[in-house]
Amino acid sequence: MSTLRFHAVKESLAYKPVYIEEKERRSDLFGKNVFNENTMRQYLTKDAFNGVMNAISHGKKIDRSIADQVSSSMKDWALSKGVTHYTHWFQPLTGATAEKHDAFFETIGGGMAIEKFGGDQLVQQEPDASSFPNGGIRNTFEARGYTAWDPTSPAFIYQTTLCIPTIFVAYTGEALDFKTPLLRALNAVDTAATAVCRYFDKNVKKVTSSLGWEQEYFLIDKMLAASVQILHLLGALCLGIRQQKGNS
């Protein structure tokens, strides 16, 4: 085993560095496929931009006319980047993400078609078929669950798909995902914390909660990893000391 490790180290020292040419500045690459605030300023009208920002910052409702403007601008931005489909992207109670893909496509008669993406398609979708068995607890034309656009999370492009972050709720309003309870908790914290802060500063209008996860990862050379049996037995290797106060 010791000989194998020495051989692995020797092989790793002979590796040649891989140079990656960056054709654009990193500041230009960062967030280039995200429909963020800067992108919205370029594509949205002033009223539409203010409507979305009020929804993000103050939880205001977005009017249907504003939703139509946002969807049209979002479609134009996505098409300019070679996008062909869109999806409502959500986190159901399965431990994985889920998507339902649709194309920017609608027939208009006369053997013609156009790229279309309206406000109704942006705001709400039915990710499951309404014809699924339901036990008679709902009308057959009602979906068991709906996805609803979450404007606090910016839409983004993955390959050729426009991904729209959404929540997933039942037709009764119950949460069917992990994000809805999180948003409700953030809203409760905001309401309570803002009320407390206003005792000291009347200008406080919103409290934003943040949670940061700190995790360290180490890259191990493939040949060195092959020489460490515990990596193959456990699939991972943890080194360190026991945390203070009994935390693991």
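The largest nonpolar core holds 22 residues, and Leu44, Val70, Met74, Leu162 and Ile164 touch the most other members. Three elements give two or more residues to this core: helix H4 (46-58), H5 and S8. H5 supplies the largest share, with five residues. The general background is simple: in soluble globular proteins, nonpolar side chains tend to be buried together.

This is a predicted model, and confidence should be checked before going further. The mean pLDDT of the protein is 83. A value of 70 or more is reached by 83% of the residues. Strand S7 (residues 156-158) has the highest confidence, at 96. Helix H9 (residues 229-234) has the lowest, at a mean of 69. Over residues 129-135, pLDDT stays under 50. The model has nine contacts beyond four places in sequence for that stretch. Where pLDDT is low, the predicted coordinates should not be read in detail.

Now the overall layout. The protein has nine helices and eight strands. Of its 248 residues, 27% are buried. Among contacts with a separation of 6 or more, 52% join residues 24 or more positions apart. The protein exposes about 18,100 Å². Carbon and sulfur atoms supply 56% of that area.

Back to the core, starting from Leu44. Which residues does Leu44 contact, leaving aside its neighbours within four places in sequence? They are Phe35, Phe49, Val52, Gln69, Val70 and Ser73. Val70 in that list is, with Leu44, among the core residues that touch the most other members.

Phe35, another contact of Leu44, leads to the aromatic rings. The protein has six aromatic pairs. In one of them, Phe35 and Trp77 are tilted, with 5.2 Å centre to centre and 50 degrees between the planes. Phe35 lies in the loop between helix H2 (26-29) and helix H3 (37-43), while Trp77 lies in helix H5 (residues 64-79), so the pair ties together parts that are 42 residues apart in sequence. Phe35 and Trp77 are both buried.

Phe90 and Phe168 form another tilted pair. Their ring centres are 4.7 Å apart, and the planes make 40 degrees. Phe90 sits in the loop between strand S1 (85-89) and strand S2 (101-103), and Phe168 sits in strand S8 (residues 161-170), so this pair ties together parts that are 78 residues apart in sequence. Both Phe90 and Phe168 are buried. S8 thus appears in two settings: it holds Phe168, and it gives two or more residues to the core. Elsewhere, ring pairs link Tyr86, Phe104 and Phe117 into a cluster.

Next, the cysteines. How many disulfides does a search of the whole structure find? It finds zero. Cys163 and Cys197 can still be placed by their accessibility. Cys163 counts as buried because its relative accessibility is 3%, under the 20% limit. Cys197 has 30% relative accessibility, so it counts as partly exposed, between the limits of 20% and 50%.

Finally, helix H4 offers a residue with some accessible area. Asn50 lies in this helix. Is Asn50 buried or partly exposed? At 33% relative accessibility, Asn50 counts as partly exposed. Asn50 and Ile62 are 12 residues apart in sequence. In space, 10.0 Å separates them, C-alpha to C-alpha. H4 therefore carries partly exposed Asn50 and also gives two or more residues to the core.

Conventions
Residues numbered from 1 in each chain as written. Predicted model: local features only at pLDDT ≥ 70, side-chain atom pairs only at ≥ 80, totals over all residues. Heavy atoms only, no water. pLDDT = per-residue confidence, 0-100. Helix = DSSP H or I, 4+ residues; strand = E, 2+ residues; numbered from the N terminus. Contact = heavy atoms within 4.5 Å. Disulfide = S-S within 2.5 Å. Buried < 20%, exposed > 50% of the residue type's maximum accessible area, 1.4 Å probe, protein only. Phe/Tyr/Trp six-rings, centres within 6.5 Å; stacked < 30°, edge-to-face > 60°. Core = buried A, V, L, I, M, F, W, Y, C linked by side-chain atoms within 4.5 Å. Areas by Shrake-Rupley, 256 points an atom, 1.4 Å probe, with all protein chains shown as cover.
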